[in-house]
Amino acid sequence: THPHSGVRNLKIDSLTSGVQQGYAGLLAIDGIGPYYAEAVFNFEAFPSGNTFFLTLSNLAGTGIMGLKIDDQGNMGLYNGGTQVGSSLPVPLNTNIRFGVILFNGGAGAGILAATVNGLTLLGSATLTLVGNVTFFSVGGNIASEAVTGGTWYVDDMAANDTTGTEGETNL
């Protein structure tokens, strides 16, 4: 466990419509996976609408897969613009470790899943994913959404390579 005290790695504050805010790191060059990305988030105020906050995406930036948060604090898993499964409520002012698992097994065989504090709570193993993986991103308006406001902190960011082990590369 992590104490999550002191200075945080990243603060997302007052999103501007259409402007990306956060961190993007190179993970692979259009790889198929498996990949696992995670970070600890603490939401003080939710954004004005639905925005990606933890993603894996392709080289062109058009295939974005990952987690969104909305203005009511509902977190959803998305394969591009399509939600996978239902939404989960996220409390304010609580450190939560969110993760995204991805393996592009081809048409109808793609795996995309969301973890919360290490437990897989949403996902599917029968997807046609919108892309392979190049980048791991955390923040807000990752897909240049027209969303404003919100304040949250990001800590303990990590991503792996294709070996499938958690937390292999700490960012």
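Mentor: Two residues are in contact when they have heavy atoms within 4.5 Å of each other. What you see is a predicted model, where local features need pLDDT of at least 70 and side-chain atom pairs count only at pLDDT 80 or more, while totals for chains, interfaces and linings use all residues. Residues are numbered from 1 along each chain as its sequence is written, and side-chain values use heavy atoms, with hydrogens and water left out.

Trainee: Okay, what share of the contacts with a separation of 6 or more joins residues 24 or more positions apart?

Mentor: Start with what the chain is built from: there are zero helices and 13 strands (DSSP runs of E, at least two residues, numbered from the N terminus). Now take the contacts with a separation of 6 or more; the share from residues 24 or more positions apart is 65%.

Trainee: And what percentage of the chain's residues count as buried?

Mentor: Buried means under 20% relative accessible area with a 1.4 Å probe on protein chains only, exposed means over 50%, and partly exposed is in between. Out of 171 residues in the protein chain, the buried part comes to 49%.

Trainee: Which are the edge strands of the open sheet of six?

Mentor: Follow the order across the sheet, which is β2-β11-β4-β5-β6-β7 with antiparallel pairing (two strands pair if DSSP finds at least two bridges between them). An edge strand pairs on one side only, and that picks out β2 and β7.

Trainee: What is the bridge partner of K68 in β6?

Mentor: Look at β5, residues 64-69, beside β6, residues 74-79. They run antiparallel and share five bridges. In β6, the residue bridged to K68 is G76.

Trainee: Is T55 buried or exposed?

Mentor: T55 sits in strand β4. Leaving out residues up to four places away in sequence, T55 touches I64, M65, G66, F135, F136, S137 and I142. Its relative accessible area is 1%, so T55 counts as buried.

Trainee: S57 is in β4 too, so what relative accessibility makes S57 count as buried?

Mentor: Strand β4 covers residues 51-57 and includes S57. With residues up to four places away in sequence set aside, the contacts of S57 are G63, I64, M65, N132, V133, T134 and F135. S57 counts as buried because its relative accessibility is 7%.

Trainee: Which residues lie nearest the centre of the largest pocket?

Mentor: On a 1 Å grid over the protein atoms alone, a pocket is an open set of points where a 1.4 Å probe fits, with protein on both sides within 12 Å along at least five of seven lines; lining residues have an atom within 4 Å of a point. The lining here has 14 residues, and β2 and β11 each supply at least two of them. Nearest the centre are Q20, A24, S57, S137 and I142.

Trainee: How many charged residues does that lining have?

Mentor: The lining has six nonpolar residues and eight polar ones. The charged count (Asp, Glu, Lys and Arg) is zero, as the lining has no charged residues.

Trainee: How far apart are the C-alpha atoms of V40 and I96?

Mentor: V40 lies in β3, residues 35-45, and is buried at 5% relative accessible area. V40 and I96 are 56 residues apart along the chain, yet their C-alpha atoms are separated by 5.3 Å.

Trainee: What about the C-alpha atoms of G105 and L127?

Mentor: G105 is in the loop between β8 and β9, and with a relative accessible area of 38% it is partly exposed. L127 is 22 residues away along the chain, and the C-alpha separation is 8.7 Å.

Note on methods. Helices (H or I, at least four residues) and strands (E, at least two) are DSSP runs, numbered from the N terminus.
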